[in-house]
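Colleague: I am new to this structure. Please take one strand and look at it closely, then show me what lies around it and elsewhere in the model.

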Amino acid sequence: MTLLHRLRSVVHWIIHRSEAEQGLNDELQSFLDMSVAEKIADGMSPAEARRLANLELGGVEQVKEHVRTERHGGWLDEIGRDVRYAFRLFFKNPVFTCTVVLTLALGIGANTAIFSLIDALMLRWLPVRDPQELVQVRLQSPGANEPGGESFSYPMVRALADQRDIFSGVAGFSGTSFDVGTPGSFSRVHGALVTGGYYSTLGLNPVVGRLLTDEDDRVGAPLSAVITYGYWQREFGGSRQVAGQTIRIKGQMVTIVGVTPRGFAGANVGDVADITMAVAALPQMYPTMAPLLGSGNVWLRILARPKPDISTDEATSRLNVMWSRLADSLINPGWPPSERKKISESVFRLSDGGTGWSYLRETYRNPLYVLMGAVSLVLLIACANVATLLLARASARQKEIAVRLAIGASRARVVRQLLIESIVLSLIGAACGVLLARVLGSLLITLISTDLSSVDFDLTPNGHVLAFSAAAAIVTGILFGMAPAIQTTAVNPIVAAREDVRTTAGSRTRLLPFLVVAQVGLSLVLLAGAGLFARTLSNLQSLDAGFRTEGVLLVVLDDQRALISPPVVEELQRLPGVLSTAVSTHTPLNGWTWSEPVVPAGQPRPERDNAVVVGAGPGFFSTLQIQLIAGREFTERDRRDRAPVALVNDAYAARHFPNRSPVGQHLSTSIGENKDFEIVGMVRNAKLTGLRAAAPPTVYVAYYQLESARATTISVRATSPLARVSTAIQQTLQPKFPNTPIEVRALSTQVANTIVQERMMAMLAGGFAVLALTLACVGLYGLLAYDVSRRTREIGIRMALGAHARRVVASVVAGGIRLVAIGVLAGLPAVWIGSRSIGSLLFGVRALDAVTIAGAIVVLLAAAQLAAYLPARRASRVDPLEALRHE
Amino acid sequence: MDKLDIPQGTLDLMILTILAREPMHGYGISQRLEQLSHGHFQVNPGSLFPSLYRLEQDGKLKGEWGASENNRKAKYYKLTASGRKQLEQHRERWDRAAFAITSVLEGA
């Protein structure tokens with residue numbers, strides 16, 4: 001009997017059930033009729049014949065039941081009946097049902113939200129042909145343990161693409177943004193630059209037109225772009241005439257040649273690339289970016305598709321043979337020999353690439369795992385909570401269950417019925433949870449998305465996510481349903497049915513406090529974690545970075561050619577509300593740095609960069625309020641016709657000029673023609689490159705003495721509302737740079753952007769801790785309320801004997817606090833384990849910070865006191881006479 | 001006369017054997033079984049019908065509605081090709097088992 005056949009008959013049974021039931025009915029009826037007829041023929045009276053025939057048959061319903069269980073899919077029927085019965089019960093207890101469903105929806109919803117983010121960021125296949133075949137190419141330095149460098153130069157990507165015996169396709173790509181539109185009405189659109197093999201490697205077919213090929217990836221080829229399905233729908237209304245239309249990017253006309261399939265938004269996960277152009281179009285679009293096509297810039301990520309007939313190991317070893325042959329011609333000759341040697345001795349590694357690439361993975365992998373851990377604790381607490389509710393309700397059902405056991409239902413059958421009730425409850429909870437997760441998920445995305453780097457995921461629940469929630473629901477249902485089910489059925493049915501339910505309550509009260517203790521312990525872990533993340537965030541926000549964030553606007557001219565002339569800056573200086581202005585190549589925490597080898601004059605220059613370099617104009621230090629320790633700032637006189645000057649920071653001076661003043665000393669550098677700089681001043685350390693690390697040794701050189709054009713930002717310190725000044729700046733500058741979109745942002749935004757991850761952790765961990773605390777308090781409240789109602793009589797007697805109401809309150813509250821204290825003790829080892837796993841995410845606070853843990857305990861006790869007070873007050877209002885009559 | 005319990009696993013074999021001769025309805029099968037076993041076996045409908053339904057589901061039997069001898073509506077079961085094959089196999093196995101048991105009992 002094949003599985004298929006079996007399945008078919010199950011399906012047949014489900015579809016043709018009523019028919020089959022009818023058939024069975026008819027058949028048994030005809031059996032009975034024949035039996036009766038024969039008995040009458042044998043000489044019995046009709047009544048006697050019917051009685052005997054029925055007796056022989058043994059009950060129509062019983063026979064039917066036997067047949068049903070024999071049928072394939074008969075068990076489905078039984079489960080169906082259990083489910084229907086469960087629903088009937090739920091409708092009879094709407095308050096109970098809603099409480100349970102809400103608790104589970106919160107627990108499962110939070111889990112689903114975090115999981116769907118993990119899924120979107122790390123697990124989901126790219127919507128391309130056979131994504132499991134794709135590999136990501138990395139280059140690992142000799143002796144290094146890390147996965148290896150992910151970025152490659154354009155010539156290297158082309159060289160790899162030429163290895164036709166290894167790869168059937170190689171795709172190089174990098175995210176970027178395009179300013180689309182006419183002067184004055186630019187819109188910034190996320191995009192990607194890709195090599196010619198990108199689309200063929202991914203195996204995509206255009207919805208309209210064609211996709212980019214090697215032909216487009218030639219210098220001098222007509223400027224062509226491919227757009228995503230979403231952009232096509234939004235901007236072109238899905239018109240099929242889109243192919244051949246032009247859009248204006250940076251003043252250049254670019255022809256749209258095609259549209260990618262729906263769902264595909266580039267190989268950069270989390271960064272939707274609405275417009276994609278070939279790398280070789282760069283020199284024509286942005287002449288200053290021509291060096292990106294050379295061997296000196298490594299900036300492209302690679303996904304490749306090995307030929308189907310060779311294994312990954314084989315591909316890797318062939319690649320390394322190729323590398324030993326070609327390395328010398330592909331490594332930039334301008335790099336220092338030691339660096340060249342290191343790269344040529346590196347080896348290629350191929351890792352799974354079917355999920356694409358994302359810079360977000362490095363940043364969010366650990367935080368998301370920590371959050372996943374946190375939400376599973378929340379779910380455990382929710383389970384304990386629901387188990388408490390079920391146990392409390394079980395007393396009400398004890399008699400019903402005892403009766404069912406007594407009339408012959410097996411214990412397994414009753415346990416199954418109870419478990420099915422639990423699973424149905426948790427599936428309803430999960431369904432609500434999935435809806436909740438949608439909301440939570442988009443909230444999460446707005447949390448990690450900033451003005452400066454937007455993050456975009458499709459969080460529509462997919463198969464993975466739904467399977468995850470369903471699995472979570474079923475496991476949850478069994479978890480919280482098992483204990484009550486076993487306990488409720490572990491009774492002698494005769495005793496239970498006859499005697500008062502209360503006699504069996506003893507065993508249950510042992511489990512209830514245990515559940516409350518578990519909830520308290522788990523809540524403590526979450527509270528302590530939330531405390532640690534909150535302190536990390538506040539440490540980062542309040543730390544002295546060496547510069548002042550407030551009141552500064554940054555004017556970013558997104559054009560590397562723009563060497564801002566002094567008159568432009570002076571014009572801004574005259575705007576109302578502006579205190580000071582300064583140009584510079586970098587601003588604090590702008591996300592990229594410039595480094596060079598810089599040593600005191602007379603010393604040999606090292607091959608490796610040893611100092612961060614910033615080109616700064618007059619007024620830079622006063623605008624950012626970086627304190628001058630010795631010497632002077634840059635002034636208007638520091639121009640190309642004067643000898644080059646520099647300032648150094650504290651860290652640089654401490655390393656290279658220990659115990660003497662650097663002012664007046666000379667530096668030997670690799671910058672410009674002169675390479676000799678006189679130090680004219682020393683400033684305090686400022687954390688320009690990152691808040692967590694100490695400020696690196698930094699050398700400031702005079703902006704107007706720089707020989708080559710560099711990206712430039714104007715910093716503006718202003719008094720009046722920043723928004724007004726920002727508008728004024730834009731109105732003044734835009735006419736001067738018609739082809740350049742001008743972006744004005746607050747320095748505080750740029751700084752906040754670097755602690756997005758920490759803010760997310762603080763907010764989510766805090767949110768989950770509050771949720772956990774609430775659930776635990778509800779659990780405690782439930783237990784105490786149940787306890788008080790059970791002890792009504794005892795309390796009544798004590799009060800009748802003269803116990804003071806306050807004493808009664810105190811005894812109930814004390815009972816609650818005792819449980820919480822045990823929970824705290826049980827939770828401490830878990831806190832120890834949990835906090836060790838988040839150590840690397842913290843800043844300025846130790847993982848086992850006594851103050852934070854003490855704070856968490858205080859919060860827990862305070863909340864518990866509140867939860868205990870309500871039942872206690874009810875206990876104190878017990879009227880002794882009522883209580884005694886109660887029984 | 002006291003009835004014997006039908007030995008485990010033999011009901012299917014007997015049903016198939018009875019139906020090998022001619023198609024028959026449930027009541028007919030139970031009557032024929034009693035008659036052929038000289039009254040030693042009496043099959044309980046609570047066992048007969050589940051067996052019939054299982055065999056039908058497994059494709060060994062095919063049920064069709066028809067009219068009985070005295071013009072009642074009745075479901076007639078018919079052996080399918082696969083049912084015939086199963087009957088042969090079971091019959092062969094049963095014969096061997098019966099021979100073996102008898103040999104043991106007589107030889108001891």
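Modeller: What follows starts with the chosen strand and then moves outward to the rest of the model. The model is predicted.

The strand is strand 21 of chain A, residues 698–702. Is it enclosed or open? Five of its five residues are buried, so strand 21 of chain A is largely enclosed by the rest of the structure. The cover is on both faces: Thr698(A), Tyr700(A) and Ala702(A) are buried on one side, and Val699(A) and Val701(A) are buried on the other. In a regular strand, side chains alternate between the two faces of the sheet.

Two pairings of this strand can be described. Strand 16 of chain A, residues 611–616, runs parallel to strand 21 of chain A and is joined to it by five bridges. Within that pairing, Gly615(A) has Val701(A) as its bridge partner. Strand 18 of chain A, residues 645–649, runs antiparallel to strand 21 of chain A, and three bridges join the two. Here Leu647(A) stands opposite Tyr700(A).

Next come the nonpolar cores. In soluble globular proteins, nonpolar side chains tend to be buried together. The largest nonpolar core has 171 residues, and those that touch the most other members are Ala171(A), Ile302(A), Val378(A), Leu526(A), Phe768(A), Ala772(A) and Leu780(A). Helix 13 of chain A, residues 359–406, supplies the largest share of this core, with 20 residues. Beyond neighbours within four places in sequence, Ala772(A) is in contact with Leu377(A), Val378(A), Ile381(A), Leu522(A), Ser523(A) and Leu526(A). Another core, of 54 residues, lies apart from that one, and its members include Leu589(A), Leu647(A), Val699(A) and Val716(A). Val699(A) belongs to strand 21 of chain A, while Leu647(A) is the residue opposite Tyr700(A).

On a wider scale, chain A is divided into domain 1 (3–72), domain 2 (131–354) and domain 3 (559–740). The centres of domain 1 and domain 2 of chain A, taken over C-alpha atoms, are separated by 72 Å.

A helix residue gives a contrast with the strand. Leu466(A) is found in helix 15 of chain A, residues 463–489. Leu466(A) counts as partly exposed because it has 15 C-beta neighbours inside 10 Å. Leaving out residues up to four places away in sequence, Leu466(A) touches Val434(A) and Pro461(A). Its C-alpha atom is separated by 9.2 Å from that of Ser116(A), 350 residues apart along the chain.

Chain B has an open sheet of three strands in the order 1-3-2, with antiparallel pairing. Its edges are strand 1 (24–25) and strand 2 (61–67), each with a single partner strand, so one side of each is left without a neighbour in the sheet. Strand 1 of chain B is joined by two bridges to strand 3 of chain B, residues 73–79. In this pairing His25(B) stands opposite Tyr76(B). Helix 1 of chain B, residues 11–21, packs on the sheet and touches strand 1, strand 2 and strand 3 of chain B; its direction makes about 100 degrees with that of strand 3 of chain B.

Finally, the two chains meet in a contact with 20 residues from chain A and 18 residues from chain B. On the side of chain A, helix 1 (3–15), helix 2 (17–41) and helix 4 (60–70) are the elements that give two or more residues. Helix 2 of chain A gives the most, with eight residues. The residues on this side divide into seven nonpolar, eight polar and five charged.

Technical notes
Residues numbered from 1 in each chain as written. Chains lettered and ligands numbered in written order. Predicted model: local features only at pLDDT ≥ 70, side-chain atom pairs only at ≥ 80, totals over all residues. Contact = placed C-beta atoms within 7 Å. Helix = DSSP H or I, 4+ residues; strand = E, 2+ residues; numbered from the N terminus. Nonpolar A, V, L, I, M, F, W, Y, C, P; charged D, E, K, R; others polar. Core = buried A, V, L, I, M, F, W, Y, C linked by C-beta atoms within 7 Å. Buried ≥ 20, exposed ≤ 12 C-beta atoms within 10 Å, placed from the backbone. Domains from an automatic or database assignment. Pairing = 2+ DSSP bridges. Axes fitted to C-alpha atoms, helices over the stretch in contact; angles between N-to-C directions.
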